[in-house]
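Biologist: I would like to learn how to read a model like this one. Please take me through it feature by feature.

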Amino acid sequence: MLGLSIIAGGYLLGDGLLRAQMAERSVTVRGLAEREVTADLATWTISYSARSSNLAEAQNDIDRDTEAIRAFFGELGFEAEALQPSGVNVSQYSNNMGQQTYTIRQRLQLRTTDIERAQNAVARQFDLVRRGVVLEEGSGMSFTFTRLNEIKPEMVAEATQDARASANQFAEDSGTNVGSIRSATQGYFSISARDGDAGGYGVADTPYKLVRVVTTIDFYLG
């Protein structure tokens, strides 16, 4: 009985060591998935101002510019509801001679899902300047892709397939086989401009985006 126990114990110990060695045999690879998408939301905050020594006169100038802006977008086919006020500011300045200057700054925001029409509006924005509207710095169109959650599952699957392809190549070169996933880490999704710089300035200026995700996966090798 003692002999059988020793033999059984030795077998179990050997099997355990073999399993431990198999568990240590793995390869860590990264998988990449990229997809070109088009923005589905455009927002344009238009900042403009009027200045005068008379507050009522400055207000009249702002009202005139507001009508010009609304007429501009109406001519391009936008509904009136697409353009909404988003802020107003009145400041007063007095020089050394006691003369008052009033500056009124106002903001209107365009929000639309009609990307093509929005691009057309940006291309013709100097028409507003010709109509006497003084556009301030920060008046720019921003294009956003809001349907990321809809493509996440497919992109994660693509990144996993790409990682497995890399693992298969490694296994082939080393004379082993790829097994199941030991562990996996999903990287964050990044959205950048499709053309030009990958990030930073200009990303929001274009409706053409590049969605990217990198996953890190540890596969068992057998």
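Modeller: Start at the surface, with Val88. This is a predicted model.

Biologist: Is Val88 buried or exposed, and why?

Modeller: The cut-off decides: exposed means over 50% relative accessible area. Val88 has 56%, so Val88 counts as exposed. Val88 sits in strand E3, residues 83-94.

Biologist: Which residues form a nonpolar patch on the surface with Val88?

Modeller: Leu55 and Val90 join Val88 there. Together the three have about 270 Å² of accessible area.

Biologist: What should I keep in mind about side chains along a strand?

Modeller: In a regular strand they alternate between the two faces of the sheet.

Biologist: Now the whole chain. How many helices and strands are there?

Modeller: Five helices and eight strands. From the N terminus the order is α-β-β-α-β-β-α-α-β-α-β-β-β.

Biologist: How do I read strand pairing? Which strands pair with E8?

Modeller: Look for bridges, then for direction. E8 covers residues 208-221 and pairs with E1, residues 26-38, over 13 bridges in the antiparallel sense. Arg35 has Val211 in E8 as its bridge partner. Strand E6, residues 178-186, runs antiparallel to E8, with six bridges. There, Gln186 is matched with Thr215. Strand E7, residues 190-193, is also antiparallel to E8, with four bridges. Ala193 stands opposite Lys209 of E8.

Biologist: Next, the interior. Which residues of the largest nonpolar core touch the most other members?

Modeller: That core has 26 residues. Trp44, Tyr48, Ile69, Phe73, Leu110, Met141 and Phe143 touch the most other members.

Biologist: Which elements each supply at least two residues of this core?

Modeller: Strands E2 (41-52), E4 (100-112) and E5 (140-144) do, and so do helices H2 (55-75) and H3 (115-123). H2 gives the largest share, six residues.

Biologist: Take one core residue. What does Phe143 touch, leaving out residues up to four places away in sequence?

Modeller: Its contacts include Ala39, Leu41, Ala42, Ile115, Ala118 and Gln119. Phe143 also touches Ala204, Asp205, Thr206, Pro207 and Lys209. A second, separate core has ten residues, among them Ala33, Phe145, Phe189 and Val213.

Biologist: Which totals should I read last?

Modeller: Take burial, contact range and area. Of the 222 residues, 31% count as buried. Among contacts with a separation of 6 or more, 78% link residues 24 or more positions apart. The chain exposes about 13600 Å², and carbon and sulfur atoms supply 50% of that area.

Note on methods. Residues are numbered from 1 along each chain as its sequence is written. This is a predicted model: local features need pLDDT of at least 70, side-chain atom pairs count only at pLDDT 80 or more; totals for chains, interfaces and linings use all residues. Side-chain values use heavy atoms; hydrogens and water are left out. Two strands pair if DSSP finds at least two bridges between them. A nonpolar core is a set of buried Ala, Val, Leu, Ile, Met, Phe, Trp, Tyr and Cys residues joined through side-chain atoms within 4.5 Å. Buried means under 20% relative accessible area, exposed over 50%, partly exposed in between (1.4 Å probe, protein chains only). Contact means heavy atoms within 4.5 Å. Patches are made of residues with over 30% relative accessible area and no salt bridge: like charges are joined within 9 Å, nonpolar side chains (Val, Leu, Ile, Met, Phe, Trp, Tyr) within 5 Å. Accessible areas come from the Shrake-Rupley method with a 1.4 Å probe; for residues, only the protein chains shown count as cover. A salt bridge is a side-chain nitrogen of Lys or Arg within 4 Å of a carboxyl oxygen of Asp or Glu.
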